[in-house]
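User: I'd like to learn how to read a few features of a protein model with you. Could you take me through them step by step?

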Amino acid sequence: MKWRRLAWGGSLLAVTVATALWAAPALIAARLNPTLASPPTSVPEAAARLHDSLLVVDLHADALLWDRDLLARGRVGHVDLPRLIEGRVAVQLFTAVTKVPRGMNLEANDADSDLITPLALVQLWPPGTWRSPLSRALHQADKLHRFAADSDGHLTVVTTRDQLAAFLRARDGDEGTVAALLGVEGAHALEGELANVDTLFAAGYRMIGLTHFFDNAVGGSAHGIRKGGLSALGERVLDRVAELGMMIDLAHASEALLDDVTSRTGRAVVVSHTGVDGTCPGPRNLSDDQLRRIAETGGVVGIGLWPEAVCGETPADWARAVRYTADLVGVEHVALGSDWDGAVPAIVDASGTEHLTAALLDAGFSSEEIRAILGENTLRVLLATLPAAPPFGRRSR
């Protein structure tokens with residue numbers, strides 16, 4: 001009888017642990033990635049008509065961090081294929097988060113702790129990802145490629161400008177498709193090795209953020225301890241990235257790093273997700289001078305959809321930041337950089353982008369300016385930066 005009770009107890013424990021492992025990731029994602037109170041269920045007819053003609057491009061979503069089926073419409077988080085299609089998001093950059101410090105804040109973080117390790121464990125990621133930022137980036141890339149392979153052609157991973165151009169031509173006759181590109185959030189995923197730029201490129205990555213919430217071997221973070229500029233390794237990384245045809249993302253960059261990169265590079269750079277000091281002062285947001293420096297490269301600034309980016313919780317608050325940036329540096333340098341599924345609340349999820357169109361109309365933008373802001377500006381930079389064809393194929397695992 002004792003052994004039978006032990007056996008039953010062991011079985012119950014196993015079921016409890018399995019249930020916790022199954023449920024915990026969804027509960028964590030739901031808690032960290034809410035959508036704010038929905039705007040009115042419909043937008044004015046003029047906005048709806050304009051939105052139905054748009055091709056929306058978003059510079060930043062962290063959906064690959066969470067183990068959700070991105071091919072099925074979900075009630076958790078902000079992004080999946082059905083919601084992207086509903087929102088007319090034709091091109092989505094999926095960014096891999098590979099390390100986040102405990103006690104993360106906007107002022108000063110070191111690299112001595114890591115919240116992604118327990119998340120990788122509870123989501124049953126491969127053991128190689130438990131300690132390695134590079135392995136985490138490769139794992140998330142593989143997830144996206146698997147989603148694309150299982151999507152019956154509705155999701156395609158783009159790695160060259162020829163592929164992107166072909167996708168855009170084909171989409172004229174099939175609006176139920178989405179092109180995905182890979183970006184990595186923070187060059188700490190290189191693990192201090194220049195050769196890992198090629199490793200990420202071979203896995204499909206076409207955008208590299210130099211920093212995230214802490215300083216790394218490439219340069220300083222706006223939220224790091226030293227907040228320094230570009231290192232010697234960082235200079236070599238910039239050169240190799242340019243040779244391969246990858247975009248540089250200066251989101252989370254320190255002032256010194258942003259100055260160093262924009263002074264050194266001869267290519268358009270992006271800030272994939274941010275706010276601006278002009279409407280929402282804070283250490284996470286860009287100053288007027290920084291906005292001008294990005295614009296001088298020919299690049300774009302993605303205005304984020306979380307409240308701390310725009311000091312508000314409505315599409316009108318987002319449009320106010322867009323208007324300020326456009327008036328300062330030109331409409332051609334403003335874009336959408338949502339930070340969907342980035343462990344932040346979102347003003348709208350991927351299905352709700354028509355409310356952004358309506359807010360831009362209310363802010364006085366013309367239809368052609370809205371087309372540029374919500375898609376064409378980012379496409380210009382992508383088509384100018386991506387390689388015509390990769391020098392080697394995607395790495396196999």
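## Rings and charges

Analyst: Happy to. Let's begin with aromatic pairs: by the rule used here, the count comes to zero. Keep in mind as we go that this is a predicted model.

User: How is a pair of aromatic rings described in general?

Analyst: One gives the distance of the centres and the angle of the planes. Here there are zero aromatic pairs to describe in that way, but rings also turn up beneath charges. The charged end of Lys 99 sits over the ring of Phe 214, 5.4 Å from its centre. Likewise, Arg 323 places its charged end over the ring of Phe 365, at 3.8 Å from the centre.

User: Let's turn to strands. Which residues of strand 8 lie on one side, and which on the other?

Analyst: The general idea is that side chains in a regular strand alternate between the two faces of the sheet. In strand 8 (residues 300-303), Val 300 and Gly 302 are on one side and Val 301 and Ile 303 on the other. All four are buried, and both faces of the strand are covered.

User: Which strands are joined to strand 8 by bridges?

Analyst: Strand 7 (residues 270-274) runs parallel to strand 8, and three bridges join them. Strand 9 (residues 334-336) is also parallel to strand 8, again with three bridges. Ile 303 is a good residue to follow: it is the bridge partner of Thr 274, and its own partner in strand 9 is Leu 336. As for the connection, strand 7, helix 10 (residues 288-296) and strand 8 form a right-handed β-α-β unit.

User: How many residues of strand 2 are buried?

Analyst: Nine of its nine residues are buried, and the strand is mostly covered. Strand 2 pairs in the parallel sense with strand 1 (residues 56-61) over four bridges, where Val 56 has Val 89 as its partner. The chain gets from strand 1 to strand 2 through helix 3 (residues 81-86), in a right-handed β-α-β crossover. Strand 2 also pairs with strand 4 in the parallel sense, over seven bridges, and there Thr 95 is partnered by Gly 183.

User: And how do I read a helix? Where do the buried residues of helix 6 fall?

Analyst: Start by listing them: in helix 6 (residues 161-171), Leu 164, Phe 167, Leu 168 and Arg 171 are buried. Looking down the helix axis, these residues fall within an arc of 95°, so they line one face. The face turned away from that buried side carries the exposed residues Arg 169 and Ala 170. The cover over the buried residues includes strand 2 (89-97), strand 3 (155-157), strand 4 (178-185) and helix 14 (367-385).

User: My last topic is backbone angles. Which residues have a positive phi although they are not glycines?

Analyst: As background, most residues other than glycine have a negative phi. Two cases to look at here are Leu 124, with a positive phi of about 60°, and Cys 311, with a positive phi of about 55°.

User: Where are they, and are they buried or exposed?

Analyst: Leu 124 is in the loop between helix 4 (116-122) and helix 5 (133-149), and it counts as exposed because its relative accessibility is 62%, over the 50% cut-off. Cys 311 belongs to the loop between helix 11 (307-310) and helix 12 (315-329). With a relative accessible area of 45%, Cys 311 is partly exposed.

Key
Residues are numbered from 1 along each chain as its sequence is written. This is a predicted model: local features need pLDDT of at least 70, side-chain atom pairs count only at pLDDT 80 or more; totals for chains, interfaces and linings use all residues. Side-chain values use heavy atoms; hydrogens and water are left out. Buried means under 20% relative accessible area, exposed over 50%, partly exposed in between (1.4 Å probe, protein chains only). Helices (H or I, at least four residues) and strands (E, at least two) are DSSP runs, numbered from the N terminus. The arc is that of the directions from the helix axis to the C-beta atoms. Contact means heavy atoms within 4.5 Å. Rings of Phe, Tyr and Trp (its six-membered ring) pair if their centres lie within 6.5 Å; planes under 30 degrees apart count as stacked, over 60 as edge-to-face and the rest as tilted. A charge sits over a ring if NZ of Lys or CZ of Arg is within 6 Å of the ring centre and within 35 degrees of the ring normal. Two strands pair if DSSP finds at least two bridges between them. A crossover is right-handed if, with the strands pointing away from the viewer, the path from the first strand over the helix to the second runs clockwise.
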